[in-house]
Amino acid sequence: MSGPRDIPHYINGQHVSGASGRHGDVFDPNTGAVQARVGLASADELGRAVEAAKAAQPAWGATNPQRRARVMFRFKELIERDMDDLAWLLATEHGKVVADAKGDIQRGLEVIEFACGIPHLLKGEYTEGAGPGIDVYSMRQPLGVVAGITPFNFPAMIPMWMFGVAIACGNAFILKPSERDPSVPVRLAELMTEAGLPDGVLNVVHGDKEAVDAILHHPDIKAVSFVGSSDIAQYVYVTGAQNGKRVQAMGGAKNHAVILPDADLDQVVRDLIGSAYGSAGERCMALPVAVPVGDKTADELIERLIPEIEKLVPGVSTDPDAVYGPVVTAAHKARVEGYIQMGVDEGAELIIDGRGFTLQGHEDGFFVGPSLFDKVRADMRSYQEEIFGPVLQIVRAKDLEEAARLPSEHPYGNGVAIFTRSGLAAREFASKVNVGMVGVNVPIPVPVAYHTFGGWKRSAFGDTNQHGMEGVRFFTKIKTVTQRWPTGEVSDQAFVIPTMG
Ligand code: NAD
């Protein structure tokens with residue numbers, strides 16, 4: 001009987017089997033079975049991908065931006081053609097339901113649509129007559145070979161955030177996707193080749209810390225974009241910077257929903273159910289903390305939430321009726337259940353306990369039922385840390401000031417939402433809250449592709465966000481030219497740069 005299939009690297013337009021002798025297991029989270037193996041790259045294998053990228057980049061960087069944009073247009077069409085297959089593949093490795101998997105791909109595709117505008121986005125600035133006969137202009141040039149390291153929870157969207165913009169800007173790219181769900185990133189690279197991208201411009205190298213360290217120490221990689229958990233984001237940021245690289249490193253999250261007494265509670269309940277439990281809570285923009293203002297709001301919210309949460313039965317990720325699927329691995333299931341026990345031990349009130357859930361016929365799948373905590377306090381570790389599972393924690397606040405302090409003082413600062421009918425309260429909150437992305441009556445305030453994505457505090461290291469113009473700035477370096485064309489007249493000798501006058 002043959003063993004699980006091997007997922008290859010994708011280097012220089014070719015599938016390349018892992019040669020390090022180290023492999024990672026890729027599970028079907030619905031059944032708990034190992035469905036594939038992925039080679040974990042050595043520094044040598046990473047080095048071969050960098051060589052291919054380095055050889056391909058100069059010609060790609062010199063290709064005019066309209067032609068680069070045409071590849072992006074074709075890539076977009078190919079993803080739309082293959083959407084169903086990609087979503088199925090994603091759902092069976094990650095565990096999110098097919099509709100969520102389509103959303104994952106669609107949000108990445110929106111960044112590709114943004115990147116189709118690269119001829120416009122790369123236009124520089126020009127000042128005529130900055131001095132006598134002197135013009136000044138700026139241009140954005142690619143960095144060369146750049147890399148992206150991505151988490152398991154958005155295996156399509158986050159790679160596209162990064163390589164979509166980087167490649168459109170004229171760079172060659174090394175993608176090191178999560179080793180837990182690596183198949184979709186390889187499919188994306190194959191589709192880029194089909195769309196006309198020259199070999200070597202996009203390479204996918206699988207791996208773990210060893211491959212990440214090889215990226216962080218490789219002298220020919222000029223910039224690293226990272227998304228994952230905060231301790232590793234900080235490590236990547238510090239190590240990459242020490243090695244002279246430009247680094248943006250997005251980390252974990254613990255997003256709050258502040259609910260004022262005048263909020264539309266029907267909407268709040270609907271939104272909390274979707275944003276706390278959707279995708280099994282494995283979203284960096286989920287809302288796992290609800291902060292109702294006043295006990296009356298809290299009691300009413302909980303009363304309405306309970307019957308809705310009790311209806312949430314996780315199911316197989318390819319079942320169209322499943323609300324959410326399993327979490328990604330058995331280790332992650334154990335971690336989520338460990339945090340639920342921690343909450344109990346710390347004295348929070350567990351109203352609904354999702355531990356011990358099993359799905360009939362899928363007893364070894366990594367399913368976790370929905371949990372609800374009340375009376376969570378800010379000093380609890382289970383509140384301070386990211387759980388990343390289908391768990392909603394309620395922290396009661398007596399007034400808006402106390403409610404706003406919670407997300408502002410929390411170590412993470414990715415997203416936050418406020419639910420209210422008061423424009424004034426929402427405006428004040430959005431202005432003052434110490435968090436990077438804010439939703440007003442919007443539960444998952446992920447900015448659209450032509451704005452930028454990025455949190456504050458331990459949710460992001462480095463000062464440039466993902467996609468939008470921030471992405472273009474991250475993946476290019478600016479050059480400013482001050483030029484003068486002598487006329488041959490005496491006045492040439494008298495020219496003075498304005499600031500010296
Ligand atoms: P993770 O930090 O475990 O892994 C992220 C990447 O780092 C992977 O490619 C992995 O192979 C690599 N890696 C793992 N261990 C490493 C080590 N010791 N040294 C160097 N590299 C290592 O994250 P994950 O579990 O895959 O993803 C979930 C996390 O990502 C959550 O914390 C979530 O909040 C966060 N996330 C953040 C955002 C954001 O934009 N802020 C978006 C999505 C996910």
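**Contacts around the ligand**

Student: A backbone N or O atom of Gly228 lies 3.2 Å from an oxygen atom of the ligand. Why is this called a polar contact?

Tutor: Because a polar contact is a pair of N or O atoms within 3.5 Å, the Gly228 pair at 3.2 Å qualifies. Do keep in mind that this is a predicted model, where local features need pLDDT of at least 70, side-chain atom pairs count only at pLDDT 80 or more, and totals for chains, interfaces and linings use all residues. Residues are numbered from 1 along each chain as its sequence is written, and side-chain values use heavy atoms, leaving out hydrogens and water.

Student: What makes Ser229 and Gly251 polar contacts of the ligand?

Tutor: For Ser229, a side-chain N or O atom is 2.5 Å from a ligand oxygen. For Gly251, a backbone N or O atom is 2.8 Å from a ligand nitrogen. Both pairs therefore meet the definition.

Student: How much of the ligand does the protein bury?

Tutor: The protein buries 89% of the 840 Å² that the ligand exposes when taken alone (Shrake-Rupley method, 1.4 Å probe).

Student: How do you know where the ligand lies relative to domain 1 and domain 2?

Tutor: Domain 1 (5–251 + 459–480) and domain 2 (256–440) both give residues to its shell, so the ligand lies between them. The bounds come from an automatic or database domain assignment.

Key:
Polar contact = N/O pair within 3.5 Å; in protein donor to acceptor, adjacent residues only side chain to side chain.
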